Structures are given as structure tokens and as C-alpha cells.
Amino acid sequence: MNKKNKKICVSRPSLPDLKEYLPYLKKIWQNKILTNSGPFYKEFEREVAKYLGVKYISLFSNGTSALISALRVLDIKGEVITTPYTFVATANSILWNNNKPVFVDVDPINLNLDPNKIEQAITSKTTAILPVHVYGNPCSFKEIEAIAKKHKLKVIYDACHAFGVKVNNQSIFNLGDLSVASFHATKVFSTFEGGAVISKNKKIKEKLDRFKNFGFISKGKKLDIESIGFNSKLDEVQSAFGLLQLKHVDKNIEKIKNIAFKYRELLGKIPGVSFLGDVEGVRHNYSYFPIFIDQKKYGKSGDSLYNEFKKNNIFPRKYFYPLITNFSIYKDKKHNFKFPVAEKASRSVICLPIYPDLDINDMKKVVKIIRSFCKR
């Protein structure tokens, strides 16, 4: 492809050499086991739990089914407090369980669920809080869990952006009653599609494993179904790929970190352009690089810059625009609160291209457009 016409996307999966994957595929062809907890699935479950530093993990076909299952196995009813500033799968999982999402605003510093807004949203029907570690940045979990304990609420973390993230050297996935991961192709760690629910006790893991396999339970030599389930198992091909990807994930995170630091260096002196920084004590995964455009200081709107990128064959994304509360399915529902911080972030955000193999010259081209466009 002509370098001038080269397409630069917001993300691109990091794939190992195909030769590394072929031995795994040959074993699958020899075993003729494609799904239903085959040998690669079992090995991947052990290894990814070890990597994440968690005790129990249940693998799923995608992050959305993992979110739905997490709510289901905890028997969440009524209202669930969550954020409007996230991918719609977070709220959809609540609706799928016939619960009501109650949205509250986000913190202006980290753009995660604002703990100062939560208690005013709690009613007699509230049973859980579903925070999101947006862009992989840890939310205010100490405050959130203190509120949950006070009001006897469950906490399920949507940690789909946060693979590999640690707080004070402890895995972020050990927080709450359950945490949910995504292994989607756009994530820093991928099994093509995939996801997981991390739990703290064996009984919950067993419930999750039954639920994702139609609800089957073994009773001696017989199978029974005591509660409804569905089919959302991770297969052998994806599990094998996950095992291979685990060998490369730390190297990839280091590459992304270097790109993120270079972005910060080059963007730091452009008026009206801000971005999120590192949090002390946190091992970040740098899987997103959102910038926020202040139109008054920058001189142009975020939308106009976004369109300028597209003219130059660069395709960032507006994660997360529009807010979930502005989608038709949610817009028609009554919302008791306003979301000024989330609205401002949503209007001004542009997630820049970032992935392990992003060419340094492509990254500089992105910055050059940001720097030059405001001066026209």
C-alpha cells in the first residue's frame, strides 16, 4: 500500500508468528476435540488465572455473555447502579437480566463512576453496583465497596479494559464480588473473541461453569438441569490462541506503554488538548489513549478534528460517544440524574490510534495533524 494512503486505525490486533500457532492447531486436529472443556481450555484456564493472580476463573465466549452471567449467578434483582460513560454492553447486560440500570455521573479526574453520586441513587430496589474501570484506569474501589458494604449491595466490576492492571502489585480482578474480563480482538490481550468472570469461591465458579453450559449439572452418572443456562463456552482454538498470547502480552504492554509516553511528550504543550496520566501505585496496560478537546482553548471542536483525521485516512474512535443514556433504548427511560461530567467527556473525547506495532512515524503523523489543525 502507498504510504500516503496508508490507513491508520484506532487499534490493530497483535498477532504472533503463524508458525508459533501451527503446533497448537496440529494438536487440536489430532485430538479432534474442539469444545466442551478440552485440554487447551483447561490449560488456558489455569494459566490465565495464574497470570492474573486470581483464584477462580470461568472462561466465556465473549465479555458480554460474561457480564450477563455474572449478574445472573449472583441473582441480582431490581436496580443496578452503573455509569453512562462506557460501552453499551455494560448496561445491556443489566437489561438482559430484566433489571433496571440506574445511571449516575462520573468522576472528572478518572471518568469512572463517581462514588460521591452513588448514595443518592440508592433506593429500596437497589441490589448491586456495576462500576467500570474505564480505559483500564482503576475506579475508586475503596469508596465504592464501603458504600456497598453499608447498604448490603453486591459489586460486580466491568474490568473489560483492564487486563493485566494491578493496584499496589495486586490484581484488579480480585476486587468486588465478581470481576469481568474481555478478550476481544481490540483488547491488549485477545483470544479473537472471549471473556471471563473472576470469582472468589468455588461454589460461584461452579455456578458460572454450569450456567455457560446450558445449566447442566452432574449427579453421579446422570446429568440434570436445576436452573436455566445458555451456551457461551470458549472453544479449543481460542483457548490455544490465548495460551500463545500469554507468552507475548507483557512485551506488547511494554510497547504500548512506550507509545503512550511518546504521545504524552508530543501532545503536552498543545493548548486545549488534555489526556489521562498514570495513577501512583497502578501498573497500567495503556490499551487506550483518549484525548479531550477543549474547543475554546484549542480553537476547533473535537468533531472537526475527528473529521480531519478521517480526511487523512486516520480512524480514531470516540470512546464513548454518545453516552449510553442517549441511545434510543435508554433515552426513553426515565433518568433521575444529570451527567454533566460524562456529557462533557463524551462530547470532547477522541481515542487515538495505539497498539503494539504502531509505527512511530504514523504516531507522529497523528500528532502533527492535531498540532497543525488548530492553527488553520
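**From a surface patch to buried residues**

In this predicted model, Phe214, Phe216, Leu223 and Ile225 together make a nonpolar surface patch of about 370 Å². Of these four residues, leucine 223 can be placed in the fold, since the residue belongs to strand E12, which covers residues 222-225. Leucine 223 has a relative accessible area of 58%, and because exposed means a value over 50%, leucine 223 is classed as exposed.

Away from this patch, serine 346 offers a view of a buried position carrying a polar side chain. Serine 346 sits in helix H13, a helix made of residues 340-348, and with a relative accessibility of 2% serine 346 counts as buried. A polar atom of the serine 346 side chain lies 2.7 Å from the backbone oxygen of phenylalanine 320. Phenylalanine 320 also appears among the residues that serine 346 contacts once neighbours within four places in sequence are left aside, a list that consists of Tyr85, Lys318, Phe320, Tyr321, Pro322 and Leu323.

A second buried position is isoleucine 291, which is found in strand E15, residues 290-293. The relative accessibility of isoleucine 291 is 0%, and because buried means under 20%, isoleucine 291 is counted as buried. When residues up to four places away in sequence are not counted, isoleucine 291 touches Leu267, Val273, Ser274, Phe275, Leu305, Ser348, Val349, Ile350, Leu352 and Ile370. Among these partners is Ser348, and residue 348 is also where helix H13, the helix that holds serine 346, ends. For a wider sense of position, the C-alpha atoms of isoleucine 291 and aspartate 107 are 16 Å apart in space, while the two residues are separated by 184 residues in sequence.

The cysteines complete this tour. A disulfide is a covalent bond between the sulfur atoms of two cysteines, and a search of the whole structure finds zero of them. Cysteine 9 is accordingly in no disulfide, and the nearest cysteine sulfur to it, which belongs to cysteine 351, is 14 Å away. Cysteine 139 is likewise in no disulfide, with the nearest cysteine sulfur, that of cysteine 160, at 13 Å. Because a disulfide requires the two sulfur atoms to be within 2.5 Å, neither the 14 Å separation for cysteine 9 nor the 13 Å separation for cysteine 139 meets the criterion. As for their surroundings, cysteine 9 is partly exposed, with a relative accessible area of 28%, whereas cysteine 139, at 3% relative accessibility, counts as buried.

Note on methods
Residues are numbered from 1 along each chain as its sequence is written. This is a predicted model: local features need pLDDT of at least 70, side-chain atom pairs count only at pLDDT 80 or more; totals for chains, interfaces and linings use all residues. Side-chain values use heavy atoms; hydrogens and water are left out. Patches are made of residues with over 30% relative accessible area and no salt bridge: like charges are joined within 9 Å, nonpolar side chains (Val, Leu, Ile, Met, Phe, Trp, Tyr) within 5 Å. Accessible areas come from the Shrake-Rupley method with a 1.4 Å probe; for residues, only the protein chains shown count as cover. A salt bridge is a side-chain nitrogen of Lys or Arg within 4 Å of a carboxyl oxygen of Asp or Glu. Helices (H or I, at least four residues) and strands (E, at least two) are DSSP runs, numbered from the N terminus. Buried means under 20% relative accessible area, exposed over 50%, partly exposed in between (1.4 Å probe, protein chains only). A polar contact is a pair of N or O atoms within 3.5 Å; within protein, one must be able to donate a hydrogen and the other to accept it, and residues adjacent in sequence count only if both atoms are side-chain atoms. Contact means heavy atoms within 4.5 Å.
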